[in-house]
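New to this one? Take a look at the model first, and then we can walk through what holds its parts side by side and what sits on its surface.

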Amino acid sequence: MGYDPNQPYGAGQQPPSSYGQPQPPYGQPPTQYNPPPAYGQQPYNPPSPDYMYAGAPPMPNYGQPQKKKSLRWLWITLAIVGGLLVLVCGGCAFASYAGIGYFAKTIAGPSLAVNSYYQDIKDQNYNQAYTYLDTSGTVQSQFVNASSFAQVGQAQDKVKGPVTSFSQTNISTDSTNGVNTANVTMSVTRNGTAYAVQLQLKEENGVWKITSFDTI
C-alpha cells in the first residue's frame with residue numbers, strides 16, 4: 001500500500017524511509033548503515049589483537065635468567081695441578097743441579113786439568129806445566145822436580161819434535177773412601193805421529209793434580 005500524503009499520519013501507514021529503504025518495526029533501533037567499498041578497493045579488516053602478521057619475527061621469550069655455574073671446582077683443580085708442577089719442577093731443578101755438580105766434580109775437573117797441562121807442553125812452558133803435577137808426581141815411575149821435568153820435556157822436543165796437537169780420548173773416575181781419582185788417556189801428536197799418554201789424577205783440596213804419567 002502506498003503512502004498518501006493527504007491522509008493523516010498514523011492511520012495504519014508508515015512514514016517514508018530515507019532513500020527508499022524499509023524501516024524497522026516500531027520500537028527497534030535502526031540498522032547501522034555501512035556503505036559498500038568503492039569499486040576496486042578491498043574491504044578494510046582491522047588487525048587481530050595479537051598482531052601476529054605473516055612473516056613477522058616471533059616475540060622474544062623473556063624468561064628467568066639462567067644461574068651461572070660455580071667455578072669453585074675449576075679453581076681448586078687448577079691450584080692442585082699448579083702445586084704438582086711446582087713440586088715436579090723443583091725436583092727436576094734439584095736433580096739437574098746435583099747432576100751438574102757431579103759432572104763438574106768428577107769429569108770436568110780432571111779433563112780441564114789435563115788439557116791445560118798439555119796446552120803448556122805445546123807452548124813449551126814447562127814451568128807452568130809442572131804446576132799441574134802433584135809434588136810426588138813421577139815420570140816413567142821416577143820422581144821429578146821442576147828442573148828435571150823441564151829437561152825431560154826439552155829432550156822430548158829434540159828427539160820427537162814439539163807437540164803440535166792433542167786430544168782426550170778416554171776418561172774414567174772413581175771415588176773410594178772420599179778420595180776422588182781419575183784415569184785419562186790423551187792422544188798427543190809430534191811431527192805428524194800420534195801416540196797415547198796415560199795419566200792418573202787425584203783431587204786434592206778441591207784441585208785436580210796429575211800424580212803419575214808414563215811419558216810427556
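Aspartate 157 and arginine 190 form a salt bridge, with their closest N and O atoms 2.7 Å apart. Aspartate 157 belongs to helix α3 and arginine 190 to strand β4, so this pair ties together parts that are 33 residues apart in sequence. Keep in mind as you look around that this is a predicted model.

Both partners of that bridge, aspartate 157 and arginine 190, are buried. For arginine 190 the relative accessibility is just 2%, and the cut-off for buried is under 20%, so arginine 190 counts as buried. What does arginine 190 touch, leaving out residues up to four places away in sequence? The list has Ile121, Gln156, Asp157, Lys160, Gly161, Pro162, Val163, Thr164, Tyr195 and Ile216.

How many salt bridges does the count come to? It comes to two, and the second pair is glutamate 204 with lysine 202, whose closest N and O atoms are 4.0 Å apart. Here they are side by side:

| Acidic partner | Basic partner | Closest N and O atoms |
|---|---|---|
| Aspartate 157 | Arginine 190 | 2.7 Å |
| Glutamate 204 | Lysine 202 | 4.0 Å |

Are glutamate 204 and lysine 202 buried or partly exposed? Glutamate 204 has a relative accessibility of 24%, so it counts as partly exposed. Lysine 202 is partly exposed too, with a relative accessible area of 32%.

Now for the nonpolar side of things. The largest nonpolar core has 26 residues, and Tyr117, Tyr118, Ile121, Phe149 and Leu199 are the ones with the most contacts inside it. Which elements each supply at least two residues of this core? They are α1 (72–122), α2 (126–130), α3 (146–160), β3 (163–176), β4 (179–190), β5 (193–204) and β6 (207–213). Of these, α1 gives the most to the core, with five residues.

Tyrosine 117 is a good place to zoom in. Setting aside residues up to four places away in sequence, tyrosine 117 touches Ala129, Tyr132, Leu133, Phe149, Leu199, Ile210, Phe213 and Ile216. Ile216 also turns up among the residues touched by arginine 190.

Finally, look at the outside. Trp73, Ile76, Ile80, Leu84 and Leu87 make a nonpolar surface patch of about 580 Å². One of them, leucine 84, is found in helix α1, the helix that gives the most to the largest core.

Terms used: Residues numbered from 1 in each chain as written. Predicted model: local features only at pLDDT ≥ 70, side-chain atom pairs only at ≥ 80, totals over all residues. Heavy atoms only, no water. Core = buried A, V, L, I, M, F, W, Y, C linked by side-chain atoms within 4.5 Å. Buried < 20%, exposed > 50% of the residue type's maximum accessible area, 1.4 Å probe, protein only. Helix = DSSP H or I, 4+ residues; strand = E, 2+ residues; numbered from the N terminus. Contact = heavy atoms within 4.5 Å. Patch = residues over 30% accessible without salt bridge, like charges linked within 9 Å, V, L, I, M, F, W, Y side chains within 5 Å. Areas by Shrake-Rupley, 256 points an atom, 1.4 Å probe, with all protein chains shown as cover. Salt bridge = Lys/Arg side-chain N within 4 Å of Asp/Glu carboxyl O.
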